[in-house]
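Hi everyone, thanks for making the time. I'd like to walk you through one structure this morning, so let me put it on the screen.

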Amino acid sequence: MHNKINALRITSITILTSLVLLFNGYSFKALAHDESSATEHHEQKFNAGNLILDHIGDAHDWHIAGHFSIPLPVILYSPAGLDIFSSARFNHGHDDYTSDKTNLTYRLHENKVVVVDSSGNIDESLTSAMYDLSITKNVAALFFSAVLMCWIFISIAKSYTRNPGKAPKGMQSLLEPIIIFLRDEVAITSIGKKHYKKFMPYLLTVFFLIFLNNLLGLVPIAPGGANITGNIAITMSLAVFTFIITTVHGNRHYWRHIFAMPGAPVWVLFLLTPIEILGVFLKPFVLMVRLFANMTAGHIIALSFFSLIFIFGEIHFGAGIGLALFSTVFTVFMMVLELLVAFIQAYVFTLLSAVYFGSAVAEDHHHEEAHAH
Amino acid sequence: MDLVKPDFGLIFWMTVTFLIVFFIMKKFAWGPILKMIQEREESIEGALAAAEKAKEEMEKLQSSNEKLLAEARMEKDKMLKEAREIREKMISDAKDAAQKESQRILTEARNSIQNEKVAAINELKNQVALMSIEIAEKVVKKELSSNESQKVLVNTLINDIKLN
């Protein structure tokens, strides 16, 4: 059913909006037709929640258009051994697959691979013992963006080395202001001139990976459309990296600031130290949640407006077409807003990472400044 | 909620991908890019500083030129002034000398005139004296032509001597 809706979404929206003016005159005629057929459609009732969750979630195949989707490799590691097979074997969740190597039967249950026993029930203990390292839609999209990013920046680096000292050209001049902005306004401002250099590669990589994936997430067709930065596993990994780098680079003042705030009375420390220790973990946690929530929310809103078309379309055909215009306009507005959000969230993640690094390497005389952050 | 439950596979692949991307980018992209940007900034900064220095030098040169010019002008003024002074002095000196000379000539003329005059007067006096003697001689000759009158005179003279 999802495939049908997906197909409708991608192919019909453009047709619907372009024909909306033409069809407006027929809306009364359509009303009569729609009421007679409403009962027939009842069993196939459109479920916006499922559509949206399906889109922002992960999948074992990459849906392109209509019934066409690219099967992705399923990689499963369990105590019994490693199984690698194509997700096409699941036949969109209709079939189970039994591996000859490990003699385990796998099933696609709610977009997740589970192990089933001989009687056809889900084997919870074997499922929880299994590691799913499949190349899912998000992983494939991530690979794509990683390759794209390497290609873009290595080609830029080449053009830098080809004409050193010259004014930037093309892609170079598009991205150089961002790189300089990150260096001057994010890294140097937050970390300081003395230490910023060693954090630059991480900050740049994080910024551009998030930014690129945010933008690709806005592209509705493959290889875009995956909600990578709106996936909590991705934001968690990034936040953990920031946490590890902060902790590793934390100097004497940083730890002293956490465990025994200078200048605070001893009785205050009993209150302050647990809060500061909690803060150490809270900071990356907030990083993780902020990016995840912002990107997911953006996708949910955009998809909700699309879903409105079909919800109203089921009630009344004319209303659906009328709403298609409204929804499209609003989705365009949301997309433009999301372009801004894509930059802002990448910037905020980078900036906060830089601020945390800054507090970790801050010298004693920077103490007040670091504390203010 | 599946949405907020991090998926192990995705964390694994993300970590692997990120680390690979990070190290590739660090070595092949960020390193050269940041280095080149910095080098370019430094070269631009250097060029700007050099231009600034050249400008300063130019200004310095110009000000020294101006100073030289002012000095030359001052020198010229001084020279002109001196020349004018010399000229004036020369003129005044010449005037003085001329005046003195004319004065001297005048004085000389006056003196010689005086001398001539005195000489002329003396000459005149002598002539007058001679003429007077001649006249007196003639008168005396005439008066003493008789013996009587000679006697009277001798007597008179003797009387005068007596009186003395």
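Let's start with a pair of tyrosines: Tyr77(A) sits opposite Tyr131(A), which belongs to strand 8 of chain A. Before I go further, please keep in mind that this is a predicted model.

That tyrosine pair is part of the pairing between strand 3 of chain A and strand 8, residues 131-132, where 2 bridges hold an antiparallel arrangement. On strand 3 there is another pairing too: strand 3, residues 73-78, is joined to strand 4, residues 81-86, by 6 bridges, and these two strands of chain A also run antiparallel. One of the partnerships here is Ile75(A) with Ile84(A) in strand 4. Strands 3 and 4 of chain A make a hairpin, with 2 residues between them.

Put together, that gives an open sheet of 3 strands in chain A, ordered 4-3-8, with antiparallel pairing. Which strands stand at the edges? Strand 4 and strand 8 of chain A do; each has a single partner strand, so one side of each has no neighbour in the sheet.

Staying with chain A a moment, have a look at Asn103(A), in the loop between strand 5 (97-98) and strand 6 (105-109). Its phi is near 60 degrees, a positive value in a residue that is not glycine. For context, most residues other than glycine have a negative phi. Asn103(A) counts as exposed because there are 9 other C-beta atoms within 10 Å, and the cut-off for exposed is 12 or fewer.

Now to the helices. Helix 11 of chain A covers residues 317-361, 45 residues in total, and spans 62 Å from first C-alpha to last, close to the 66 Å expected at 1.5 Å a residue. Helix 11 of chain A does bend, by about 25 degrees, at Leu323(A).

Helix 11 of chain A also feeds into the largest nonpolar core. That core has 66 residues, and the ones with the most contacts inside it are Ala187(A), Phe199(A), Leu203(A), Phe207(A) and Ile33(B). At least two residues each come from helices 5, 6, 7, 8, 10 and 11 of chain A and from helix 1 (8-143) of chain B. Which helix gives the largest share? That's helix 7 of chain A, with 14 residues. As for Phe207(A), setting aside residues up to four places away in sequence, Phe207(A) touches Leu182(A), Ala346(A) and Thr350(A).

For contrast, take Ile188(A), which lies in helix 6 of chain A. Buried, exposed or partly exposed? Ile188(A) has 18 C-beta neighbours inside 10 Å, so it counts as partly exposed; buried would need 20 or more. Beyond its neighbours within four places in sequence, Ile188(A) is in contact with Arg183(A), Lys193(A) and Tyr196(A).

Last stop, the contact between the chains. Chain B brings 31 residues to it and chain A brings 38. On the chain B side, 22 of the residues are nonpolar, 4 are polar and 5 are charged.

That's my tour; I'm happy to take questions.

Key: Residues numbered from 1 in each chain as written. Chains lettered and ligands numbered in written order. Predicted model: local features only at pLDDT ≥ 70, side-chain atom pairs only at ≥ 80, totals over all residues. Contact = placed C-beta atoms within 7 Å. Nonpolar A, V, L, I, M, F, W, Y, C, P; charged D, E, K, R; others polar. Helix = DSSP H or I, 4+ residues; strand = E, 2+ residues; numbered from the N terminus. Expected span 1.5 Å × (residues − 1). Bend = angle between axes of the 7 residues up to and from the residue. Pairing = 2+ DSSP bridges. Core = buried A, V, L, I, M, F, W, Y, C linked by C-beta atoms within 7 Å.
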